[in-house]
Amino acid sequence: MPSLVSVALQQQVAIITVNNPPVNALSTEVRAGLLNAINDAQLNQQVASIIIICEGRTFIAGADIKEFGHPPKAPHLPDLVLAIAYSVKPIIAALHGTVLGGGCEIALACHYRVALEGTKIGLPEVNLGLIPGAGGTQLLPRLVGVAKAIEMIVSAKPIILPSTPDNILVHEVTDIDLLHSTLKFAKNIKPAAVLVKRIFTPVLEDDLTAIEEYAHQHLIAKRKGEIAPLKALSAILLCTQLSLDEGMRKEREIFIECRNSAQSAALRYAFFAEKKAEKPMIKNHSESLKSINKVAIIGAGTMGASIAMCLIASGLNVYLVEINAENLERGTAYISNALSSSVKKGRISEQEKTAQLSRLTPTTEFNDIADADLVVEAAFESMSVKKEIFAKLDRTVTVDCILASNTSYLDINEIASVVNRKDRVIGLHFFSPAHIMKLLEIVETKYTAPYVIASAMAFAKKINKQAALVGVCYGFVGNRMYASYGREANMLLLEGCSPEQIDRAMTTFGMAMGPLAVNDMSGIDIGYKARKENPQLTTDPTYFLPANLMVESDRLGQKTGAGFYLYDDKKRRITDDHVLKIFKTAAQSLKIKQRTYTDQQISERLILAIINEGVTILLEGIVDSAETIDTIWLNGYGFPRYKGGPMFYAKKLGWDQVRERLIALHKETEKDWWLPPYYIDSFMERKGF
Ligand code: 3H9
């Protein structure tokens with residue numbers, strides 16, 4: 001097997017090359033190879049300077065995350081970083097791609113950094129429940145100052161080079177051959193300058209209190225419930241009291257504490273779960289992937305317009321189609337206004353806005369989209385409307401065009417039944433607002449060709465969405481599970497809990513928002529209409545009764561100024577005791593006893609409801625892995641990432657415990673929907689979960 005680290009000598013420069021695809025992660029073998037190469041170069045009289053460079057698409061993108069679940073093996077990364085920092089010969093990091101985590105720490109320890117234009121550099125460890133554990137918290141503030149280091153480490157956002165004033169991170173940015181530029185740079189270094197390039201003493205910082213206050217208010221506050229950002233802050237502040245070596249020793253202790261934490265285990269799981277969801281088992285296919293450049297969207301309502309925004313931002317040419325010119329104008333204005341507001345907030349430049357709008361073509365003519373590669377139908381949620389559109393599209397667009405529906409609930413098998421190209425019909429279920437929400441459920445029908453699924457997965461990556469492959473059922477995976485969550489929130493309203501208590505219990509659990517506040521925001525009438533159209537779902541009179549009562553008294557949520565809460569003109573929530581009376585009366589008429597619940601009982605009940613539905617969905621084969629379910633909940637429903645997702649959470653509780661709690665809830669409530677599959681634990685074991 002070729003070595004993962006090789007060395008070549010060129011004009012007195014030792015060029016150390018790492019080649020560990022796909023992202024040059026710092027496995028034990030890479031660390032050992034690098035350490036040997038650095039040590040050898042110190043002793044080799046023919047070497048005047050050293051370059052560290054990587055093959056492939058990126059410089060080292062971090063420690064090997066897969067190794068974190070196992071006992072650490074020598075050489076440890078901090079020892080390698082210190083060997084670089086203490087080198088008596090200048091070391092230059094030649095950077096490209098994504099210089100992240102341990103890769104960034106190695107780069108920071110080097111005396112110089114030369115980067116290819118567009119390189120991303122950062123310390124994203126807190127996203128994995130960790131802190132930088134090989135000098136990042138000590139080296140970065142010595143280079144960019146304490147405030148900037150805190151911002152970079154706590155926000156976990158990389159910097160894209162060149163980026164003034166952050167160019168302080170690198171000594172040269174090049175847009176030509178990286179190795180050639182770095183060799184040229186190496187030739188101009190004066191050897192005597194090497195040791196002054198390192199600061200081993202504590203950092204002097206005047207206004208630490210203000211910096212700390214800012215960090216808490218503006219950075220840590222955005223990462224509610226997470227432990228690692230706080231730990232990272234405490235580690236960074238050590239650089240003002242300790243030498244580099246002492247600081248790194250303390251940093252290592254904090255890193256190990258984080259690495260052993262439940263939050264880090266969940267966040268590392270989430271990282272790999274998302275990768276797994278992007279690579280579903282797709283049957284072999286001989287056809288090559290459909291390349292998607294021109295996309296048409298049918299329907300310029302809020303959903304169609306926000307899908308268009310997502311696509312033009314990704315560089316695609318988009319045709320927005322509406323038969324009604326007035327609706328089309330409204331949709332186009334929505335997009336233009338939203339982009340102007342992004343310019344005002346400094347998120348994009350005026351030129352970027354112009355470029356994005358130039359990729360958008362509003363039209364009322366179906367003939368304009370005859371040569372589209374993909375059509376996404378985002379029309380009104382009605383089976384007859386959708387069938388009509390699909391039949392028309394089948395007659396209009398070229399035969400190899402993929403036809404997708406953005407339906408949230410409807411049976412896409414039935415929609416596909418009206419076209420001749422059934423194998424090229426798929427669901428692309430975007431979440432609202434589509435230009436912001438990361439999740440894309442890709443819905444496979446019983447006809448969809450494997451190459452069409454693979455093309456849709458590649459398309460998701462191109463438009464920066466997290467894909468999750470699901471099968472056809474009412475509500476697919478996310479909304480079907482969410483319905484059981486909403487069902488229990490409604491049941492608890494009947495049983496005497498207030499909207500505030502239920503929402504508080506769920507935000508304390510870590511959900512981004514409570515279920516009733518979400519329902520008020522999205523409109524209570526949407527689910528109401530769907531339930532009325534699908535009475536076969538259940539005949540239980542308690543099912544979503546409070547939501548139904550809200551709609552029937554014209555309380556549709558924020559849009560009518562009243563729903564489970566009242567709203568002022570700034571859309572601020574106001575408690576309304578009147579709704580409690582409505583629910584109490586309904587409970588009395590159905591002989592439901594009202595009682596008190598603790599917040600923990602509430603959150604347990606709602607989470608168990610989604611877990612039970614998730615297992616049922618897995619059993620039915622609607623989705624092929626528990627990881628895909630968790631990916632959906634992390635990216636589409638605000639489930640706390642540091643808890644891994646509902647299925648991971650259940651696994652940590654223990655599947656036998658889950659089964660017992662479900663049986664107890666069935667006894668308590670006498671509702672059959674609580675009955676778990678009786679072999680739930682052995683089934684999950686067979687699934688390897
Ligand atoms: C750290 O460094 C701690 C230190 O401070 C201290 C230590 C003591 N390890 O995402 P992609 C795999 S913590 C192992 O599809 P992209 C990934 O699973 C680390 N494997 O590509 C996938 O495998 P597969 C800090 C890794 O181009 C394949 O590479 N660093 C790692 O869309 C391709 O990945 C980070 O947190 C890894 N570190 O994005 C960076 N990284 O093909 C985490 C990736 O089998 N990584 N893989 O499914 C990323 O953010 C993205 O992967 C990256 C590439 C931006 C690099």
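Is F476 buried or exposed? At 0% relative accessibility, F476 counts as buried, where buried means under 20% relative accessible area, exposed over 50% and partly exposed in between, with a 1.4 Å probe and protein chains only. F476 lies in the loop between β17 (466–471) and α17 (478–494); helices (H or I, at least four residues) and strands (E, at least two) are DSSP runs, numbered from the N terminus.

This is a predicted model, in which local features need pLDDT of at least 70, side-chain atom pairs count only at pLDDT 80 or more, and totals for chains, interfaces and linings use all residues. Residues are numbered from 1 along each chain as its sequence is written, and side-chain values use heavy atoms, with hydrogens and water left out.

**Backbone angles**

Most residues other than glycine have a negative phi, and most peptide bonds are trans. The table lists positive phi values in this model.

| Residue | Phi | Place |
|---|---|---|
| Q11 | near 45° | loop between β1 (5–10) and β2 |
| F476 | about 55° | loop between β17 (466–471) and α17 (478–494) |
| G654 | about 105° | just after α25 |

Q11 counts as exposed, at 54% relative accessibility. Two peptide bonds are also of note. The bond from P21 to P22 is cis, with omega near 5°, and P22 lies in the loop between β2 (13–18) and α1 (28–43). The bond from A74 to P75 is cis as well, with omega near -5°; P75 is found in the loop between β3 (49–54) and α2 (77–85).

**Strand β3 and its partners**

Six of the six residues of β3 are buried, so this strand is largely enclosed by the rest of the structure. S49, I51 and I53 point one way from β3, while I50, I52 and C54 point the other way.

Strands β2 and β3 run parallel and are joined by six bridges; two strands pair if DSSP finds at least two bridges between them. V18 stands opposite C54 in β3. From β2 the chain crosses through α1 to β3, and this β-α-β crossover is right-handed: with the strands pointing away from the viewer, the path from the first strand over the helix to the second runs clockwise.

β3 also runs parallel to β4 (residues 91–95), with three bridges joining them. Here I50 stands opposite I91 in β4. β3, α2 and β4 make a right-handed β-α-β unit.

**Nonpolar cores**

A nonpolar core is a set of buried Ala, Val, Leu, Ile, Met, Phe, Trp, Tyr and Cys residues joined through side-chain atoms within 4.5 Å. The largest one has 91 residues, and those with the most contacts inside it are I369, V375 and W655. Helix α23 (residues 599–620) gives the largest share of this core, 10 residues. The core draws at least three residues from each of domain 2 (294–473) and domain 3 (479–621 + 654–686), with bounds from an automatic or database domain assignment. A second, separate core of 78 residues includes I65, C104, A134 and V154.

Leaving aside neighbours within four places in sequence, W655 is in contact (heavy atoms within 4.5 Å) with I611, V615, M647, A650, I680, D681, M684 and F689.

**Helix α25**

In helix α25 (residues 646–653), the buried residues are P646, M647, F648 and A650. These residues pack against α10 (262–277), α17, α23, α24 (626–636), α26 (655–669) and α27 (680–686).
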